[in-house]
Amino acid sequence: NPRPIEDHMPLLRQRNLSAFDPGIGGEKRGRKSRMKTIDRRNETDPAREALATRLANDIINCDPSILSLLILDNFGKILSVKRSSRLDKAAHASPELVEKFGTVVMLILGAARNAVELMGGLEFIIGAFKNQKVLLMNLQEYDLSLALRLSRSANARYVYNKIADMLAMS
């Protein structure tokens, strides 16, 4: 049985790691693992970044309700950030806030993946806020995660289906 994400939180904060760091599962409480943990958050892969940029350019313009997006790898590294021209400049998030949101996205998706055996594969998660919606998607075929900032009136299921159809054709 996997340990709940709450058991990992002190360790995550101490090491400033994401819930997907491969070293977390190998550690035992009270004992240090002999396996070396590799921190790949700062490594760059130009091919993956180019793929993320291409996907971001395609996705940002596929529906007018998409205001901005983040594409992250499985280690939580933000590979691409895009903002729609429809998003007011005053509503742009600072780079620090974007990084924090990336961490929150990875924690939410990681927690949701714990329920896969019970509920089936994760398709998407919707967050509704007072002024906007957030749509989190797992892009399994690319080993990437997508976070979309949507207008409040957006039909998130429709946007998800539109993106899924677009990615299936590419």
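**Group meeting: two helices, a few salt bridges and one odd loop residue**

Let me start with one residue: glutamate 49 is partly exposed, with a relative accessible area of 26%. Keep in mind that this is a predicted model, and I'll come back to glutamate 49 in a minute.

First, the overall layout. The chain has 5 helices and 5 strands, and going along the sequence you read α-α-β-β-α-α-β-β-β-α. Of the 170 residues, 36% are buried. If you take contacts with a separation of 6 or more, 53% of them are between residues 24 or more positions apart. The accessible surface is about 10500 Å², and carbon and sulfur atoms account for 52% of that.

Okay, helix α2. This one covers residues 46-60, so 15 residues, and spans 21 Å from first C-alpha to last, close to the 21 Å you'd expect at 1.5 Å a residue. Its buried residues are Ala52, Leu55, Ala56, Ile59 and Ile60. Look down the axis and those buried residues of α2 fall within an arc of 120 degrees, so they line one face of the helix. The face turned away from that buried side has Pro46 and Ala47, both exposed. And what covers the buried residues of α2? The cover includes β1, β2, β5 and α5, which is 156-169.

You can see part of that from the strand side by clicking on serine 80. Serine 80 sits in strand β2 and is buried, at 6% relative accessible area. Leaving out residues up to four places away in sequence, serine 80 touches Ala52, Thr53 and Ala56, plus Leu69, Leu70 and Ile71.

Now back to glutamate 49, as promised. Its side chain meets the side chain of lysine 77 in a salt bridge, 3.3 Å from N to O. Lysine 77 is in the loop between β1 and β2 and glutamate 49 is in helix α2, so the pair ties together parts 28 residues apart in sequence. What I like here is the burial: lysine 77 counts as buried, at 15% relative accessibility, with the cut-off for buried being under 20%. Its partner, glutamate 49, is the partly exposed one we opened with, at 26%.

In total the structure holds 4 salt bridges, and I'll show two others. Arginine 54 and aspartate 58 pair up at 3.7 Å, N to O. Those two are 4 residues apart in helix α2, which means about one helical turn separates them. In an α-helix there are 3.6 residues a turn, so residues three or four places apart point the same way. Arginine 54 is partly exposed at 37% relative accessibility, and aspartate 58 is partly exposed at 36%.

The other pair is glutamate 123 with arginine 157, at 3.9 Å, N to O. This pair links distant parts of the chain: glutamate 123 is in the loop between α4 (116-119) and β3, arginine 157 is in helix α5, and they are 34 residues apart. Glutamate 123 is partly exposed at 41%, and arginine 157 is partly exposed at 43%.

On to helix α3, residues 95-113. That's 19 residues reaching 27 Å from first C-alpha to last, close to the expected 27 Å. Val98, Gly102, Val105, Met106, Leu109 and Gly110 are the buried residues of α3. They cover an arc of only 125 degrees around the axis, which puts them on the same side of α3. So what do they pack against? The buried residues of α3 pack against β1 (66-73), β2 (78-83), β3 (124-128), β4 (132-139) and β5 (144-151). On the other side of α3 you find Glu96 and Lys100, both exposed.

There's also a nonpolar surface patch of about 220 Å², made by Phe101, Val104 and Ile108. Valine 104 is in helix α3 and partly exposed at 41%. Isoleucine 108 is in α3 too, partly exposed at 37%. And valine 104 is 9.5 Å from glycine 76, C-alpha to C-alpha, with their positions 28 residues apart in sequence.

Last stop, the odd one. Most residues other than glycine have a negative phi. Aspartate 143, though, has a positive phi, near 55 degrees. Where is aspartate 143? In the loop between β4 and β5, where aspartate 143 is partly exposed at 45%.

That's me done; happy to rotate the model for anyone.

Terms used. Residues are numbered from 1 along each chain as its sequence is written. This is a predicted model: local features need pLDDT of at least 70, side-chain atom pairs count only at pLDDT 80 or more; totals for chains, interfaces and linings use all residues. Side-chain values use heavy atoms; hydrogens and water are left out. The expected span of a helix is 1.5 Å times one less than its number of residues. Buried means under 20% relative accessible area, exposed over 50%, partly exposed in between (1.4 Å probe, protein chains only). The arc is that of the directions from the helix axis to the C-beta atoms. Contact means heavy atoms within 4.5 Å. Patches are made of residues with over 30% relative accessible area and no salt bridge: like charges are joined within 9 Å, nonpolar side chains (Val, Leu, Ile, Met, Phe, Trp, Tyr) within 5 Å. Accessible areas come from the Shrake-Rupley method with a 1.4 Å probe; for residues, only the protein chains shown count as cover.
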